[in-house]
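Q: Please give a close account of one part of this structure, the surroundings of its bound ligands. I would like the answer to be connected and to proceed from the binding site to other local features.

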Amino acid sequence: RVVVGTKVDEHHQNYVRAYNMLTGIRFCVSRIHAKSDRELSDADFLAAQKYSFDITGNELTPSTKYDFKFKDYAPWVFRHIRTIFGIDPAEYLVSLTAKYILSELGSPGKSGSFFYFSRDYKYIIKTIHRGEQKFLRKILKEYYNHVRLNPNTLLSQFYGLHRVKLPYGKKVHFVIMNNLFPPHRDIHRTFDLKGSTIGRDFREEDLENNPRATLKDLNWLRRNLHLEFGPHKKEIFVTQMQRDVAMLQRLRIMDYSLLVGIHDLERGNEDNLRDKTLQVFQPGGDKLPDPANCPPGVNPGLARTPSKLETAQRARELRQTVKSQRPIPMAQTMDKMPDESSLVRKGFYFYADDGGFRATHEDNSPGDEIYYLGIIDCLTRYNYVKRAEHFWKGMGGHESQISPIPPDRYGDRFIKFISGITMSRERAEKEVLTSTLE
Ligand code: ATP
Ligand code: CA
Ligand code: CA
């Protein structure tokens, strides 16, 4: 598994696709925000708008560097979802502007999906299969209603669903989501937890070559780790997880996991690359350290985080460009947008402690760790896994290695496991003590 991103520049094999993705997003987002807000109708959930971009430009679309087709799914719904999650449209556009080169995580999972980080590391673009695209559209209304009632949801926050196609190329669907991990803090350990033990072990020997690897359930248990939340935070965390999982169960979704990034406040940003790079980081300059050269343990996003000043400047530039761009009547909307930008999303419970959720002690006082967490990979329907299972069986795989369990049991097991590992340090020590005494 490739863990450190590679910069998608002109020489990268996926450069054109990435460039077109960003160009398409930018156009569609500007376009929908140019309109005054309105309530959603049922038709908005099914809506999809196709655009054709070419190097000469036309009535509707500006001229672009390459010819490509782009499809924007349910633009009104995603506009509303972005608002619920407090995404400022101008900042969103700045983060995803084609001028900024993305960084590609390659295909870290078995699914063949590609992951791209926006250059400021705030957003992740994940390519998804056609089936997942269809499924997301099918459940979009339920998802929307859920996030409306649960703005503090732990589920992946989907900000957009699009499709890009090169001439003679195949159609590539993708979603834009929140990056759970912060650009400004080292993540000392990452876990992907499902509540299962089968195949849930990362070979500890391989950690040496790949210190930033994502570990799994058995690695967690072996280390006797806990999500160290005192009673107050535990209650809120578990309640929200139960609500989120109940929705996933209702929609017959499975195979999702709790992604956990741990930042140890005592270790801090030990390979303090950030301060150095920020000093040499010239606003507007493009000489950024190559994330591929980041030493292990260093968040590659650090090197690419534009300063607050720079972000504000880019937002201003963007407003100017947008103003002069015809026929998009953006000027009015963009002028009203706040100039100041913050790197951390505020006001959302689980992301309120410097972008994460800080550990607490049994007396609810703050602890030594910040957890960056969320429920990811939640677009897999039970039926889909069943089919894959049959495929693997046909290929001679063992049932025990793959056997999917139905969504209800999957969810119950997930909740049981995660609740079971959620307790303050003091509580965990006590439990060990009593269990050794027995
Ligand atoms: P598979 O189906 O084989 O599990 P996938 O291609 O569907 O793989 P995911 O499970 O969604 O991929 O994610 C793979 C990895 O990418 C995660 O373990 C995590 O390291 C990283 N990742 C995914 N989503 C996020 C996110 N929102 N924020 C930060 N990292 C993420
Ligand atoms: Ca997964
Ligand atoms: Ca998946």
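A: The account below begins with ligand 1, continues with the calcium ions, and ends with several individual residues.

The model is a predicted one. Ligand 1 is surrounded by 17 residues, and the closest are Lys-110, Ser-111, Lys-126, Asn-178 and Leu-180. By class, this shell comprises 7 nonpolar, 6 polar and 4 charged residues. Two strands, β6 (123–128) and β8 (172–178), each contribute at least two residues to the shell around ligand 1. On the scale of domains, both domain 1 (6–179 + 306–335) and domain 2 (189–268 + 349–437) give residues to the shell, so ligand 1 lies between them.

Three side chains may be singled out for their polar atoms. Lys-126 places a polar side-chain atom 2.9 Å from an oxygen atom of ligand 1. For Asp-192, a polar side-chain atom lies 3.2 Å from an oxygen atom of ligand 1. With Asn-179, the ligand atom concerned is a nitrogen, and an N or O atom of the Asn-179 side chain is 3.4 Å from this nitrogen of ligand 1. On its own, ligand 1 has 630 Å² of accessible area, of which the protein covers 89%.

The calcium ions bring a further residue into view. Asp-377 is located in the loop between β13 (366–376) and α11 (382–394). The calcium ion that is ligand 3 is coordinated by Asp-377 (OD) and Asp-377 (OD), at 2.5 Å. Asp-377 also bridges this calcium ion and the calcium ion that is ligand 2; the two ions lie 4.4 Å apart.

Among the loop residues, Thr-97 is found between α4 (89–95) and β4 (103–106). Thr-97 has a relative accessible area of 8% and is therefore buried, the limit for this class being under 20%. A polar atom of the Thr-97 side chain lies 2.5 Å from the backbone oxygen of Leu-93.

Tyr-66 occupies the loop between β2 (48–53) and β3 (68–73). With a relative accessible area of 22%, Tyr-66 is partly exposed. Tyr-66 and Leu-166 are 100 residues apart along the chain, and their C-alpha atoms are separated by 8.6 Å.

Two further loop residues, neither of them glycine, have a positive phi. Arg-252, in the loop between α7 (231–250) and β11 (257–264), has a phi near 60°. Its relative accessible area is 41%, and Arg-252 is accordingly partly exposed. Asp-354 lies in the loop between α10 (331–335) and β12 (357–360), and its phi is near 55°. Asp-354 is likewise partly exposed, with a relative accessible area of 26%.

The last residue belongs to a helix. Arg-425 is part of α14, which covers residues 425–437. Its relative accessible area of 28% makes Arg-425 partly exposed. The C-alpha atom of Arg-425 is separated by 8.3 Å from that of Gly-230, although the two residues are 195 residues apart along the chain.

Key:
Residues numbered from 1 in each chain as written. Chains lettered and ligands numbered in written order. Predicted model: local features only at pLDDT ≥ 70, side-chain atom pairs only at ≥ 80, totals over all residues. Heavy atoms only, no water. Near = heavy atom within 4 Å. Polar contact = N/O pair within 3.5 Å; in protein donor to acceptor, adjacent residues only side chain to side chain. Areas by Shrake-Rupley, 256 points an atom, 1.4 Å probe, with all protein chains shown as cover. Helix = DSSP H or I, 4+ residues; strand = E, 2+ residues; numbered from the N terminus. Nonpolar A, V, L, I, M, F, W, Y, C, P; charged D, E, K, R; others polar. Domains from an automatic or database assignment. Donors = N, O, S within 2.8 Å, 3.2 Å for Na, K, Ca; no water. Buried < 20%, exposed > 50% of the residue type's maximum accessible area, 1.4 Å probe, protein only.
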